[in-house]
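Good morning, colleagues. Please take a moment to look at the sequence and the structure on the screen before I begin.

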Amino acid sequence: MTVITVSQVNTYIKAVLDECQVLKNIFVVGEISNFLHYFRSGHMYFTLKDDTSQLKAVMFSSYAQRLKFKPEDGMRVICRGRISSYEKDGVYQLYVEDIQPDGAGALNLAYEQLKAKLEKEGLFDSSHKKPIPKFPKKIGIATSDMGAAIEDIKNITKRRYPICELVLMSTAVQGEQATADIVNSIKTLDKIEDIDLIIVGRGGGSIEDLWAFNTEPVARAVYECGKPIISAVGHETDFTICDFVADLRAPTPSAAAELAVPDGNALLDYFDSLGETLSSLLNRRLECEYQRLDSITKDSIFANPADYFQMLFDNNDVLSERMTDAFKQKVNDYSFKLSNIAAALNALSPLAVIGRGYSVVKSKNNVIKSVNEVNSGDKLEIILTDGKVSCTAD
């Protein structure tokens, strides 16, 4: 009897599985459960199951980073990979190299997942939309410098509004570098102070060709841009995530140019019409003023100014007489009041008392009221009605 170790058994089973041509490139369909994505390593671990069985699966980060959508529990998928075992625990599993949704395509699923996520965060809300300037002086454009999109924008802008300056940021709009290039162009144009508006876009193509405009970094760059952005991606029937986040969606790059600048000819026609309207209004106003002036010269003081000024002189004479009478009356009133006050003061005057035969005796300028205030030998002054007498007290 040959006895072998556990490690030998697991190594043998792994070798058998690895040598099986059928299991080297196998497609397995099932429902995802117990999905775990370790963000530090980037590896994905999950179980594929059907009604009766289940199969453990792992997808390493080198393959996982290529996925366009995010696998989730309950999602039915088709996994391509190989069957092998992990010698340490002897468990066989599916080593996944690619995952495709069973039914909808991976890009369509990724589009719907990102759209739902950003919409839930509020990136599509109209409250965040910035108004598009009516008369932009300078427009930044993030697109390829070799495509038809930039030529359409240049031609239409030149025809409609030639005074507007265009600033082109040559941008990769397709391929692996497109997402980073679009983000960089948006941020660069946003830093140019005198740019009023940015157009981001490209011509038509398949969903794969337009995919850079359906990525989260581009969506967030558009949302965080301080300047208004018009999204012009693909044809009229193409809708990208960039369209939903942008301040305005244009069905084509040509339409973006028409939405970005006014029609110069229409503006000139408008100003001509406005000039005619103003001229008509001015003429009507002048006519009204002439009629008013004519009415004034016929029906007012200007029709007979001599009579008017004579009336003013008459009114002035009447007012003068009234003011003179009022002044005399005031003078008489104050004279009467002054006479009464003088009579009252005279009645209280000591001079009036002296005039009736009385006299005032002073000593050292003080009025003597009692004999006790006078000593023998004091010099006295007696004030009479017609003069003063000096004497000495005994």
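In this predicted model, the largest nonpolar core holds 55 residues, and the members that touch the most others are Phe46, Leu94 and Ile99. The element that gives the most to this core is helix α4, residues 106-121, with 7 residues.

Let us consider Phe46 individually. Which residues is Phe46 in contact with, leaving aside its neighbours within four places in sequence? Among them are Ile32, Ser33, Asn34 and Phe35. Leu55, Lys56 and Ala57 also belong to that list, as do Cys79, Val96 and Ile99. There is, in addition, a second, separate core of 17 residues, including Ile156, Ile199, Ala232 and Ala250.

I turn now to the strands. As a general matter, strands of a sheet pair through backbone hydrogen bonds, in either a parallel or an antiparallel manner. Here, 5 strands close into a barrel, and their order is β1-β2-β3-β5-β4, with mixed pairing. From one strand to the next, the twist averages 55°.

Within this barrel, strand β1, residues 26-37, and strand β4, residues 76-86, run antiparallel and are joined by 6 bridges. As one instance, Phe27 has Arg80 as its bridge partner in β4. Helix α1, residues 6-19, packs on the sheet, where it touches β4 and β5, the latter being residues 91-101. The direction of α1 makes about 135° with that of β4.

One residue of strand β1 deserves a separate remark, namely Asn34. Its phi is near 50°, which is a positive value in a residue other than glycine. Is Asn34 buried or exposed? Asn34 counts as exposed because its relative accessibility is 54%, and the threshold for that term is over 50%.

Finally, I come to a pair of helices. In general, two packed helices are described by the angle between their axes and the distance between the axes. Helix α5, residues 148-160, packs with helix α9, residues 253-260, at an angle of about 30°, and their axes are 8 Å apart. The two are therefore roughly parallel, since angles under 35 degrees fall in that class. The crossing of α5 past α9 is right-handed.

Which residues make this contact? From α5, they are Ala149, Asp152, Ile153, Ile156, Thr157, Arg159 and Arg160. From α9, they are Pro253, Ser254, Ala257 and Glu258. You will recall that Ile156 is also one of the residues in the second core.

Thank you for your attention.

Technical notes: Residues numbered from 1 in each chain as written. Predicted model: local features only at pLDDT ≥ 70, side-chain atom pairs only at ≥ 80, totals over all residues. Heavy atoms only, no water. Core = buried A, V, L, I, M, F, W, Y, C linked by side-chain atoms within 4.5 Å. Buried < 20%, exposed > 50% of the residue type's maximum accessible area, 1.4 Å probe, protein only. Helix = DSSP H or I, 4+ residues; strand = E, 2+ residues; numbered from the N terminus. Contact = heavy atoms within 4.5 Å. Pairing = 2+ DSSP bridges. Axes fitted to C-alpha atoms, helices over the stretch in contact; angles between N-to-C directions. Parallel < 35°, antiparallel > 145°, perpendicular 65-115°, else oblique. Left-handed = near helix turned anticlockwise from the far one by under 90°.
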